[in-house]
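These are my notes from one sitting with a structure. I put down what I looked up, in the order in which I went through it.

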There are 2 protein chains.
Amino acid sequence: VVIRDAPIRQQSLREHNLGLVLRRVAGSATPPSRADVAASTGLTKATVSSLVEELVAGQLVAELDPTRRSGAGRPATGLVLRTDAAAGLGLEINVDYLAACVVDLAGTVRHRERQRGDQRGRPPAEVIASVSVLADRALAAAARAGLTPAGAAMAVAGIMHGERLVRLGPNLGWRETEMPETIAGLPLRVDNEANLAALGELHAPGGADRNFLYISGEIGVGAGIVLDGRLFRGSHGWSGELGHVTVDPAGLPCRCGSRGCLEQYAGQEAILRAAGQNADARDGDEVARILALANGADPAMLAALRDAGTALGVAVAGMVNMLDVGTVILGNSYAPLSPWLIDEVEREVRERVITADWSPVSVRPSALAAEATVVGAAGSVVLEILENPTGWLSSAIP
Amino acid sequence: VVIRDAPIRQQSLREHNLGLVLRRVAGSATPPSRADVAASTGLTKATVSSLVEELVAGQLVAELDPTRRSGAGRPATGLVLRTDAAAGLGLEINVDYLAACVVDLAGTVRHRERQRGDQRGRPPAEVIASVSVLADRALAAAARAGLTPAGAAMAVAGIMHGERLVRLGPNLGWRETEMPETIAGLPLRVDNEANLAALGELHAPGGADRNFLYISGEIGVGAGIVLDGRLFRGSHGWSGELGHVTVDPAGLPCRCGSRGCLEQYAGQEAILRAAGQNADARDGDEVARILALANGADPAMLAALRDAGTALGVAVAGMVNMLDVGTVILGNSYAPLSPWLIDEVEREVRERVITADWSPVSVRPSALAAEATVVGAAGSVVLEILENPTGWLSSAIP
């Protein structure tokens, strides 16, 4: 029996309940009082007060002064997250851009920078040096806003080994690339871009389902899998390789060595190729070129997008049959392309998912689009604080 | 934020730790002492002693007498699970048989009965009456052994809605079939057969990976998905519909309304049809007929099995690409057929899973074969006791 086998002692009980109170404050539509938190958590008022004191001292939570009136209405009172202290730094290395962003404890983006440019073929050390410059500028911007990032998370389009080694970034041309332990002085965790984008969607305003697939369409195609409200990474952190799921066993050869992989039908280069366009330019302008032709109603591009949507729908339907997720989010460059893809994806899902008649699957474009990844990366740092505030409380108080 | 949002108070702390101690006793190779349990859980000896007293009083745990010697060797001492009190009743309604079994707290099968016979076309009420007779006999056998099942779990080959309604049992011919709340006087929970078989594998002696797919091959093809050591059921409990995953988008029509479903290539009837045999006999002898022809080296059957293995491998490879599971178990009738299937499944997985070079995926037949389902059903009742002994402790002491 392999479940729940950690003991809970007084110390971890307090850690658990600190996080619980913090998340209640984070999740409330209006600032809750201590009594509200006690009522909704089942903790005693004395316990809540003691936990709140610790969160206030650690600059995670502030208590609005009930005597101060905010304009006309009722007095603003209760507990709120502090948005001027703890933060997360997100970084992204993509095939055709680098990005950085800072989000505060409430998930608001407080700084963002995106630097376009083809990263393919550049030595990894150079790319890391470039992204470090963005990280330094982000930290300076954070400091001006009074924010202290607790750590950095970096998204890389590739297959990871642990949190440090990029085993394969097929579109970047990376192999066995070791990433630094820190960046701009902050501890760095590296993760797959679709995973971090899925986290971004999970915690986006309005939120998502507790079970969903986030599909990242770029040169490659990847997926972030959220099950029971948590990112599922697999045995080795290699989950979500949707681009290499077979949609036609005897189909087109793929650079991975297999045949008929989804990426050969629904990746950006595959779409350009199917539309009779130059697919080898690798200019980082693939989406823009596809969009321009689609907006111009180029018949070959419209047909290529329909075929891509059909292939994507077949692969997605298989995953919904297996995983029974209620929502599929078309993310990254699939978001702007979704007007030309979504009908086909929905049709294949409707026809191929055996339970679709009882409970239709929602297919929708990402609200965050290409920004989901870097925002999700920064948000994953904030999420760690919300999950376990003890780390922040014991180390980071300025 | 949607995680870990249950408060932990003193009462639930004790419940958690009762389960923790019970599972340590269950998971130990040799009977641990109270001090061993304290050391391995991090609980104080006083806490462990108090918890052990409650488990002993509730007949879940016994303490071996250190003065009594068991033959020559060292004195037998320490805490053991009691195998003469709490138990689980498992039931199974399959297309061509009914089954019942009783397992004790240690997971040992103490009673089993299997009644062959085609259940297709029989009114569900008649089938339930037949399985009730098996349940009564199982309870009588349990009572003779001093065992008290805490509840019953029933496996049905179909798609469930909650724990009571079989929405669709396509091969049984069931639709919207309501199942009884109790059977033989015990509370009854109904679940998909592949899910319960996967639980059987998870808790089989020797255990399985923390991430694996259990594939159930019958007339239909289903999967039980174990992720991070827990059964994943999906948003509605409909996960694991591997039989309706597309392996050829323009392929054979399926009774589900889609085309190219795996079931049309790797289900028993599909294999018989592909081998030029009568696939419509529905005599419950499908596996036996396939096995006889395969053992006789019938060329058409050998080719049909190779094609079935290839189709199964394509579908399984897609799931491994997405879920990064380390083990695939060929279960139910795929277990006896695995000598003719496994090479093709392994080949497709090796060629199509992008990470297979770094970490080979283990494909193996189920050790429990067709019995996995009913044993897993009974085991799921025992598992509930191990996860939360409070229910048993507060209700079931004779």
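**Entry 1. The core.** I note at the outset that this is a predicted model. I looked for the largest nonpolar core and found a set of 92 residues. The members with the most contacts inside this core are Ile215(A), Leu242(A), Leu312(A), Ile215(B) and Leu242(B). As a general point, nonpolar side chains tend to be buried together in soluble globular proteins.

I then took Leu312(A) and listed what it touches, leaving aside residues up to four places away in sequence. The list holds Ile215(A), Leu242(A), Leu262(A), Ala266(A), Leu330(A), Tyr334(A) and Val345(A). Two of the core residues named above, Ile215(A) and Leu242(A), are thus among the contacts of Leu312(A).

**Entry 2. The five-stranded sheet of chain A.** In chain A I traced an open sheet of 5 strands, in the order S14-S13-S12-S15-S16, with mixed pairing. Which strands stand at the edges? They are S14 (230–231) and S16 (362–365) of chain A; each has a single partner strand, so one side of each lacks a neighbour in the sheet.

I checked the S14(A) edge. S13(A), residues 221–227, pairs with S14(A) in the antiparallel sense over 2 bridges. One bridge partner I wrote down is Arg230(A) in S14(A), which goes with Leu227(A).

Next I asked which strands helix H5 of chain A touches. H5(A), residues 193–202, packs on the sheet and touches S12 (212–217), S13, S14, S15 (327–332) and S16 of chain A. The direction of H5(A) makes about 130° with that of S12(A). Helix H9(A), residues 299–323, also packs on this sheet, touching S12, S13 and S15 of chain A. For H9(A) the angle with the direction of S12(A) is about 155°.

**Entry 3. Helix H9 in chain B.** I turned to H9(B), residues 299–323, and tested its length. With 25 residues at 1.5 Å a residue, H9(B) should span 36 Å; the end C-alpha atoms lie 35 Å apart, which agrees. Of these 25 residues 18 are buried, so H9(B) is largely enclosed by the rest of the structure. Just after the helix, Asp324(B) takes a positive phi of about 50°.

**Entry 4. The two copies.** I laid chain B on chain A: the RMSD is 0.0 Å, after a turn of 180° and a shift of 0.0 Å along the axis. The two copies are therefore related as by a two-fold rotation axis. I also looked up which C-alpha of chain B is nearest the axis; it belongs to Asp248(B), 3.0 Å away. As for the interface, 100% of the interface residues of chain B are also interface residues in chain A, so the copies meet through the same surface.

**Entry 5. The three-stranded sheet of chain B.** I found an open, antiparallel sheet of 3 strands in chain B, ordered S7-S8-S9. Its edge strands are S7(B), residues 159–161, and S9(B), each pairing on one side only. Neighbouring strands here are turned by 15° against each other on average, direction ignored.

S7(B) is joined to S8(B), residues 165–169, by 3 bridges, and His161(B) has Leu165(B) in S8(B) as its bridge partner. Between S8(B) and S9(B) there are 4 bridges, and Leu168(B) has Arg175(B) in S9(B) as its bridge partner. S8(B) and S9(B) form a hairpin with 4 residues between them. In the turn, Gly173(B) has a positive phi of about 80°.

Pro170(B) is in the loop between S8 and S9 of chain B. Its relative accessibility is 34%, so Pro170(B) counts as partly exposed. Residues up to four places away in sequence aside, Pro170(B) touches Ala157(B), Gly158(B) and Arg255(B).

**Entry 6. Positive phi outside glycine.** Most residues other than glycine have a negative phi, so I wrote down exceptions. Glu176(B), in strand S9 (residues 174–178) of chain B, has a positive phi of about 50°. At 41% relative accessibility, Glu176(B) is partly exposed. Gln59(B) has phi near 65° and is placed in the loop between helix H3 (45–57) and strand S1 (61–64) of chain B. Gln59(B) is also partly exposed, with a relative accessible area of 22%.

Methods: Residues numbered from 1 in each chain as written. Chains lettered and ligands numbered in written order. Predicted model: local features only at pLDDT ≥ 70, side-chain atom pairs only at ≥ 80, totals over all residues. Heavy atoms only, no water. Expected span 1.5 Å × (residues − 1). Buried < 20%, exposed > 50% of the residue type's maximum accessible area, 1.4 Å probe, protein only. Core = buried A, V, L, I, M, F, W, Y, C linked by side-chain atoms within 4.5 Å. Contact = heavy atoms within 4.5 Å. Pairing = 2+ DSSP bridges. Axes fitted to C-alpha atoms, helices over the stretch in contact; angles between N-to-C directions. Least-squares fit on C-alpha atoms with pLDDT ≥ 70 in both.
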